[in-house]
Amino acid sequence: MIDSKKMLEIAVKAADSKRAVDVVALDVTQVSLLADYFMICSANSDRQINAIVDEIVDKEEEHQVTVKRVEGKNGGKWVLIDLGDVIVHVFSPSEREFYNLEKLWSDAPLENIEAWID
């Protein structure tokens, strides 16, 4: 069984490989019962959002991570990937600014992911 930190690393690397913009990870273990980590990133087009989502899902499944659900893929402006202990949010820039999850979850510390990003 893969731990949540490794799931997060896989998601970050997959998003980065598809040129996700402004990737951040929040450690929500102390502020939420939903998950251990939230990963948030942006993409500049619907096509790029879908490419990022597909790459994350593919890479997680390669590591035997169960993807519980993917929400919003048909709409293309905000896609949520539920990996259980890791929740991934892929936004268009305008949706990310509007929902501002980083501010909503500002009590959660940022996870250092720089080593995982090229």
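A nonpolar core is a set of buried Ala, Val, Leu, Ile, Met, Phe, Trp, Tyr and Cys residues joined through side-chain atoms within 4.5 Å. With that in hand, let us walk through this structure, which is a predicted model.

The largest nonpolar core here has 28 residues, and Met39, Ile56 and Val88 are those with the most contacts inside it. Two or more residues come from each of helix 1 (4–17), strand 1 (21–27), strand 2 (37–42), helix 2 (46–62), strand 4 (78–82) and strand 5 (86–91). Helix 1 gives the largest share, 6 residues. In soluble globular proteins, nonpolar side chains tend to be buried together. For a view from inside, pick valine 88: leaving out residues up to four places away in sequence, Val88 touches Ala11, Met39, Ile56, Val79, Leu80, Ile81 and Leu83. A second, separate core has 11 residues, among them Val24, Leu26, Phe91 and Trp105.

Next comes the sheet. Its 5 strands form an open sheet in the order 1-2-5-4-3, with mixed pairing. Strand 1 and strand 3 (69–71) stand at the edges; each has a single partner strand, so one side of each is left without a neighbour in the sheet. On average, neighbouring strands are turned by 15 degrees against each other, direction ignored.

You can follow the mixed pairing by starting at strand 1. Strand 1 pairs with strand 2 in the antiparallel sense over 5 bridges, and one residue to look for is alanine 25, whose bridge partner in strand 2 is methionine 39. Strand 2 then pairs with strand 5 in the parallel sense over 6 bridges; here phenylalanine 38 has isoleucine 87 of strand 5 as its bridge partner. Although strand 1 is at an edge of the sheet, strand 1 is mostly covered, with 5 of its 7 residues buried.

Now turn to helix 1, which lies across strand 1, strand 2 and strand 5 and runs at about 5 degrees to strand 2. Its 14 residues reach 20 Å from the first C-alpha to the last, close to the 20 Å expected at 1.5 Å a residue. Helix 1 is mostly covered too: 10 of its 14 residues are buried. The buried residues include Leu8, Ile10, Ala11 and Val12, but also Ser4, Glu9 and Asp16. Strand 1, strand 2, helix 2 and strand 5 are among the elements that cover them. Just after the helix, arginine 19 takes a positive phi of about 65 degrees.

Is glutamate 111, in the segment after helix 4 (101–104), buried or exposed? Buried means under 20% relative accessible area, and glutamate 111 has 16%, so it counts as buried. Its side chain is joined to that of lysine 5 by a polar contact of 2.4 Å. Beyond its neighbours within four places in sequence, glutamate 111 is in contact with Lys5, Leu8, Ala25, Asp27 and Tyr37.

Asp27 leads on to threonine 29: the side chains of these two residues make a polar contact of 2.7 Å. Threonine 29 is found in the loop between strand 1 and strand 2 and is partly exposed, with a relative accessible area of 36%. Apart from residues up to four places away in sequence, threonine 29 touches Ala35 and Asp36. Its C-alpha atom is separated by 9.5 Å from that of proline 109, 80 residues apart along the chain.

Terms used
Residues numbered from 1 in each chain as written. Predicted model: local features only at pLDDT ≥ 70, side-chain atom pairs only at ≥ 80, totals over all residues. Heavy atoms only, no water. Buried < 20%, exposed > 50% of the residue type's maximum accessible area, 1.4 Å probe, protein only. Helix = DSSP H or I, 4+ residues; strand = E, 2+ residues; numbered from the N terminus. Contact = heavy atoms within 4.5 Å. Pairing = 2+ DSSP bridges. Axes fitted to C-alpha atoms, helices over the stretch in contact; angles between N-to-C directions. Polar contact = N/O pair within 3.5 Å; in protein donor to acceptor, adjacent residues only side chain to side chain. Expected span 1.5 Å × (residues − 1).
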